[in-house]
Structures are given as C-alpha cells and as structure tokens.
Amino acid sequence: MTATTTHPPAHPDPVVELTGVAKEYPGGVAALRGVDLTVTAGELLAIVGPSGSGKSTLLHIVGTLDRPTAGGVRIAGYDIAALSDRALSALRSRHVGFVFQSFHLVPGISARANVAEGLLYSGLPRAERLRLAARALDRVGLGDRMDHRPHELSGGQKQRVAIARAVAGAPDLLLADEPTGALDTASGESVMELLRELNRDGATIAVITHDQEIAASLPRQVRIRDGEVVADVRGRAEGAS
C-alpha cells in the first residue's frame, strides 16, 4: 500500500475578513480607523501595539464582542452585520475561542469542570462535554491535573487550563489576549510553545500583545498604532519550527 501525503489547500479559507473597519466611541474617540485585515485558516500571528493603539478594540471586533461603527466584518464566513445578537452569541460560542491574561477560571471546581464550562452552549450532553474537556486537557499536557482546582495549579498550569477550555470545541479561531502577561518567563515560554504546537496541529491563532519579543517570534506581525494597521509583516520567525 502506498502512503498518501495530505497537503493544506493552496488557498486556505479566510477565517477573519475586515474591510475598512472603524470604531468610534462617544465623544468622537476613534479607536480604529479604516482597518483592513484578513487571517486565513492555519495562520499564527501577532497583533501588536502599545497601550491605546486600538488592539484591544480590534480583539473585541474580531471576537464579535463588539460591532464596528463602519466597515465590514466576516468571521468564519459569516457576515456579522447580518446577525442578531443571539445569533452572534451562537457564532462566538462555536467558532471563536478566547484566552485571557487573567485566566477567568471558576474557583472551587476542577480543571476538567472548568474546561467543560466552556462547552455549555454547545448543546452537547454533560458526559460528552466532560469527555471533550478531558481530551483537551490531555492535549495541553494536563492529563494528570484534571481533578485539580485552580488554587492547586501554578500560573502556567492555569493558563493551560484556559487554553484547553478555548480549544475544546475546536473553534475556527483562537484569540489569545496577552496570554503570558501574568506569568513568569519560563511559564510564558511554555505557553507560547503550546500555542505553536496547537498551530502546527492546524489551529488558527491570533496573539494580541504589546510584547515586541513575542510578536517577533511569530510568523506574522500585524502592527497597530493610533487605530491603524501600520505594518503587516510575514516571514519565518526566528525560533519558529
């Protein structure tokens, strides 16, 4: 029998499509100014900029947590403007995973229960949610910590639980907002390597950060300043594999 090798499609489908996106807040504060951005399936990129640059607003719009004042947004092929708030919540629960700096774990329940919580709106029965949670924890190297509660875990382990929760439902897009911000250097490097591993397995991941070193280590850097994309650099990052 001859082994066959599968290759990614020559033109991967876009997961994120922003066209002329602007966001203004009351008082005329322009957080985003005409942003164009496309992220295709399987990419690993940094959205990088200083505090106040607009990257958090961009995260909220890409994650469908907020709507733009102007411009077009398509996430996983869906036109955000055409969706009701309820449909948008459903889209978010099925297609977007979030990892935050402060973990957002529920105290007093196990790591497995925390991950299963992220699947509450999936419509899956509890037993299936727990099975997927266990598989996700094993995937992030915490197969032996499933019954540990957050206070029994290190910072790096808590962030791995948060990542497991984000990927358990196999979302089209994983948004990691300053995922190493609350960690020591060694734990932060371990979390970044985990994100690279998940990307090698096919996950589409955007890391939102102000850390230039982290941004430079990723294959693509989208640089934001004063609400605009000022650079979009692609290439083999140092240390990437």
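## A tour from sheet to core

Start by selecting Val-16 and Val-39: Val-39, in β2, is the bridge partner of Val-16. Keep in mind as you go that this is a predicted model.

**Stop 1: the open sheet**

Now widen the selection to β1 (residues 14-25) together with β2, which pair in the antiparallel sense over eight bridges. Another position to pick out here is Glu-24, which stands opposite Ala-30 in β2. Follow the chain around the turn of this hairpin: three residues lie between β1 and β2, and Gly-27 in the turn has a positive phi of about 95 degrees.

Next, add β4. Five bridges join β1 to β4, and the two run antiparallel. To see one position in this pairing, label Thr-19 and Gly-72, since Thr-19 stands opposite Gly-72 in β4. With β5 shown too, you have an open sheet of four strands, in the order β2-β1-β4-β5 and with antiparallel pairing. Its edge strands are β2 (29-40) and β5 (78-79), each of which pairs on one side only.

**Stop 2: the helix on the sheet**

Select residues 55-62, helix α1, which packs on the sheet and touches β1, β2 and β4 (70-75). The direction of α1 makes about 125 degrees with that of β1. How many of the eight residues of α1 are buried? Six are, so α1 is largely enclosed by the rest of the structure. Colour these to check: Lys-55, Thr-57, Leu-58, Leu-59, Ile-61 and Val-62 are the buried residues of α1.

Step just past the helix to Thr-64, which takes a positive phi of about 60 degrees. Thr-64 sits in the loop between α1 and β4. Is Thr-64 buried or exposed? Its relative accessibility is 2%, so Thr-64 counts as buried. Show what surrounds this residue: leaving aside neighbours within four places in sequence, Thr-64 is in contact with Ile-75, Ile-80, Leu-88, Leu-91 and Arg-92.

**Stop 3: the nonpolar cores**

Move on to Ile-163 and Leu-195, the residues with the most contacts inside the largest nonpolar core, which has 40 residues. To see where this core draws its residues from, show β3 (44-48), α3 (111-117), α4 (126-139), α5 (155-167), β7 (173-177), α6 (185-200), β8 (205-209) and α7 (212-216), the elements that give two or more residues to it. Of these, α5 gives the most, with six residues.

Zoom in on Leu-195. Not counting residues up to four places away in sequence, Leu-195 touches Ile-163, Leu-174, Ala-176, Pro-179, Ile-205 and Val-207. Apart from this core lies another, of 28 residues, with Leu-32, Val-39, Leu-83 and Ala-206 among them. Val-39 is the β2 residue from the start of the tour.

**Stop 4: an aromatic pair**

The count of aromatic pairs comes to one. Select Phe-98 and Phe-100: their rings are stacked, at 5.7 Å centre to centre and with 5 degrees between the planes. Phe-98 is buried, with a relative accessible area of 16%, whereas Phe-100 is partly exposed at 25%.

**Stop 5: a second hairpin**

Finish at β9 (residues 220-225) and β10 (residues 228-234), which pair in the antiparallel sense over six bridges. Highlight Ile-224 and its bridge partner in β10, Val-229. This hairpin has two residues between the strands, and Asp-226 takes a positive phi near 50 degrees.

Terms used:
Residues numbered from 1 in each chain as written. Predicted model: local features only at pLDDT ≥ 70, side-chain atom pairs only at ≥ 80, totals over all residues. Heavy atoms only, no water. Core = buried A, V, L, I, M, F, W, Y, C linked by side-chain atoms within 4.5 Å. Buried < 20%, exposed > 50% of the residue type's maximum accessible area, 1.4 Å probe, protein only. Contact = heavy atoms within 4.5 Å. Phe/Tyr/Trp six-rings, centres within 6.5 Å; stacked < 30°, edge-to-face > 60°. Pairing = 2+ DSSP bridges. Axes fitted to C-alpha atoms, helices over the stretch in contact; angles between N-to-C directions.
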